[in-house]
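Q: Could you take me through one part of this model in detail, namely the nonpolar core and what sits around it? I'd like one connected answer.

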Amino acid sequence: MKSKLSSKKGILLDIGAGETRRRGFVTLDKRRLAGIDIVHDLEKFPYPIADETCLTIVASHVVEHIKPWLMIDFFNELWRIAKFDGQLAISMPYGFSDGFLQDPTHCNMCNYATWQYFDPRFPLYNVYKPRPWQIERGFPQWQESGNMEVLLIKIKENKGDADGKAKSRKAKTR
């Protein structure tokens with residue numbers, strides 16, 4: 001396990017892995033299941049993972065279980081542990097699809113526009129100004145099953161984003 005977490009290139013992380021095993025991936029889940037490397041609740045921040053260590057993060061059928069009011073914090077935490085230019089691969093049911101509506105634990109509906117809140121190239125980003133991701137060209141993708149796939153790439157913050165704004169506000173109040 002320690003060798004997986006200390007890879008010089010970066011670790012491959014499967015969050016909310018459940019009983020799925022992806023070869024070469026470190027697994028994280030809040031349930032203590034066989035094969036889970038890190039037992040941790042995805043809605044509790046910070047995760048026990050060092051800054052900028054994940055080359056790829058897979059979130060397969062996880063985001064729809066995150067409480068909506070924690071979405072910004074959740075994505076900011078994934079941004080913290082991702083390397084720059086690291087990938088966040090998301091697969092989930094499209095909001096209001098049968099796949100979303102069938103599961104009583106689904107609480108977070110997303111659609112194609114949801115991801116624009118995380119990408120500074122879109123006006124919706126300015127609503128919350130979270131840590132910045134870039135939507136990879138060609139995504140989101142929809143499947144006939146009602147699922148959606150999204151690929152986000154971690155990008156660097158501008159001085160005016162998140163921390164820069166907090167610092168400038170703090171300076172003005174002194």
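A: Here is a walk through the core, then its surroundings, and then the backbone oddities.

First, some ground rules: this is a predicted model, in which local features need pLDDT of at least 70, side-chain atom pairs count only at pLDDT 80 or more, and totals for chains, interfaces and linings use all residues. Residues are numbered from 1 along each chain as its sequence is written, and side-chain values use heavy atoms, with hydrogens and water left out.

The chain has five helices and eight strands (DSSP runs numbered from the N terminus, H or I of at least four residues for helices, E of at least two for strands). Read from the N terminus, the order is α-β-β-β-β-α-β-α-α-β-β-β-α. Out of 174 residues, 42% count as buried (buried is under 20% relative accessible area, exposed over 50%, partly exposed in between, with a 1.4 Å probe and protein chains only). Take contacts (heavy atoms within 4.5 Å) between residues at least 6 apart in sequence: 57% of them join residues at least 24 apart.

Now the core itself. In soluble globular proteins, nonpolar side chains tend to be buried together. A nonpolar core here is a set of buried Ala, Val, Leu, Ile, Met, Phe, Trp, Tyr and Cys residues joined through side-chain atoms within 4.5 Å. The largest one has 34 residues, and Val-63, Phe-74, Phe-75, Ile-90 and Trp-115 touch the most other members. Elements giving two or more residues to this core are β1 (11-15), β2 (25-29), β4, α2, β5, β6 and β8 (147-154). The largest share, six residues, comes from α2.

Zoom in on Trp-115. Leaving out residues up to four places away in sequence, Trp-115 touches Val-63, Phe-75, Ile-90, Met-92, Cys-110, Ile-135, Pro-140, Met-148, Val-150 and Leu-152. Two of those partners are worth following: Cys-110 and Pro-140.

Cys-110 is buried, with a relative accessible area of 2%. A disulfide is a covalent bond between the sulfur atoms of two cysteines. With a disulfide taken as a pair of cysteine sulfur atoms within 2.5 Å, the count comes to zero. Cys-107 is in no disulfide, and the nearest cysteine sulfur, that of Cys-110, is 9.7 Å away. Seen from the other end, the closest cysteine sulfur to that of Cys-110 is in Cys-107, and 9.7 Å is too far for a bond. Cys-107 is partly exposed, at 34% relative accessibility.

Cys-110 also helps line the second largest pocket, together with Pro-68, Trp-69, Met-71, Ile-72, Asn-108, Met-109, Thr-114, Tyr-117, Phe-118 and Tyr-128. On a 1 Å grid over the protein atoms alone, a pocket is an open set of points where a 1.4 Å probe fits, with protein on both sides within 12 Å along at least five of seven lines, and lining residues have an atom within 4 Å of a point. This pocket holds about 200 Å³ of space (grid points are joined across faces, edges and corners, and a volume is the space filled by probe spheres set on the points). Its lining has nine nonpolar, two polar and no charged residues (Ala, Val, Leu, Ile, Met, Phe, Trp, Tyr, Cys and Pro count as nonpolar, Asp, Glu, Lys and Arg as charged, and the others, Gly among them, as polar).

The largest pocket, about 350 Å³ in volume, has a lining of three nonpolar, four polar and six charged residues. Of its 13 lining residues, Gly-16, Lys-30, Leu-42, Val-62 and His-65 lie nearest its centre.

Back to Pro-140, which lies in the loop between β6 (133-135) and β7 (141-142). A cis peptide bond joins Phe-139 to Pro-140, with omega about -5 degrees. Another cis bond links Phe-45 and Pro-46, where omega is about 0 degrees; Pro-46 is in the loop between β3 (38-39) and β4 (54-60). Most residues other than glycine have a negative phi, and most peptide bonds are trans.

As for phi, His-61 has a positive value, near 55 degrees, in the loop between β4 and α2 (71-81); His-61 is partly exposed, at 34%. Asp-85, in strand β5 (residues 82-93), also has a positive phi, about 70 degrees, and counts as exposed at 59% relative accessibility.

Finally, Thr-56 in strand β4 is buried at 15% relative accessibility. Not counting residues up to four places away in sequence, Thr-56 touches Ile-11, Leu-12, Leu-13, Phe-25 and Gln-87.
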